[in-house]
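Hi,

Here is the structure I promised to pass on. Have a look, and my notes are underneath.

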Amino acid sequence: MKQVLEVLGFIALVQGVLGLVQGFTHWQVGLVQRLAFLHGYEVFVSFVLIVLACALFAAAERLKL
């Protein structure tokens with residue numbers, strides 16, 4: 001379970017960072033900019049993904065396996 005949380009946290013972190021890069025540089029990278037229903041909220045969603053990644057890493061750290 002710890003490894004699953006770490007992998008999900010890593011994916012969320014990468015997508016959040018790529019979304020912020022796309023939001024400020026207009027490069028076409030990441031998954032956030034490809035989802036039509038998030039149009040206009042890309043930077044906010046990317047920030048939320050980074051916070052989610054931190055929470056997933058903290059949860060994985062609390063597991064003792």
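Below is what I found, going from the first helix to the surface patch and then to one serine.

A word on the basis: this is a predicted model, so to speak of local features we need pLDDT of at least 70, and side-chain atom pairs count only at pLDDT 80 or more, while totals for chains, interfaces and linings use all residues. Residues are numbered from 1 along each chain as its sequence is written, and side-chain values use heavy atoms, with hydrogens and water left out.

Helices here are DSSP runs (H or I, at least four residues), numbered from the N terminus. H1 covers residues 2-25, and its end C-alpha atoms lie 34 Å apart, in agreement with the 34 Å expected for 24 residues at 1.5 Å a residue (the expected span being 1.5 Å times one less than the number of residues). After H1 comes His26, with a positive phi near 65°.

Which residues of H1 are buried (under 20% relative accessible area, 1.4 Å probe, protein chains only)? They are Leu5, Gly9, Ala12, Gln15, Gly16, Gly19 and Gln22, and they pack against helix H2 (42-62).

There's also a nonpolar surface patch of about 800 Å², with Val4, Phe10 and Phe57 among its members. Patch residues have over 30% relative accessible area and no salt bridge, with nonpolar side chains joined within 5 Å. H1 gives the largest share, six residues. Phe57 sits in H2 and is partly exposed at 32% (that is, between 20% and 50%).

Ser46, also in H2, is buried at 0% relative accessibility. Beyond its neighbours within four places in sequence, Ser46 contacts (heavy atoms within 4.5 Å) Gly16, Gly19, Leu20 and Val32.

Cheers

Conventions. Helices (H or I, at least four residues) and strands (E, at least two) are DSSP runs, numbered from the N terminus. Patches are made of residues with over 30% relative accessible area and no salt bridge: like charges are joined within 9 Å, nonpolar side chains (Val, Leu, Ile, Met, Phe, Trp, Tyr) within 5 Å. Accessible areas come from the Shrake-Rupley method with a 1.4 Å probe; for residues, only the protein chains shown count as cover. A salt bridge is a side-chain nitrogen of Lys or Arg within 4 Å of a carboxyl oxygen of Asp or Glu.
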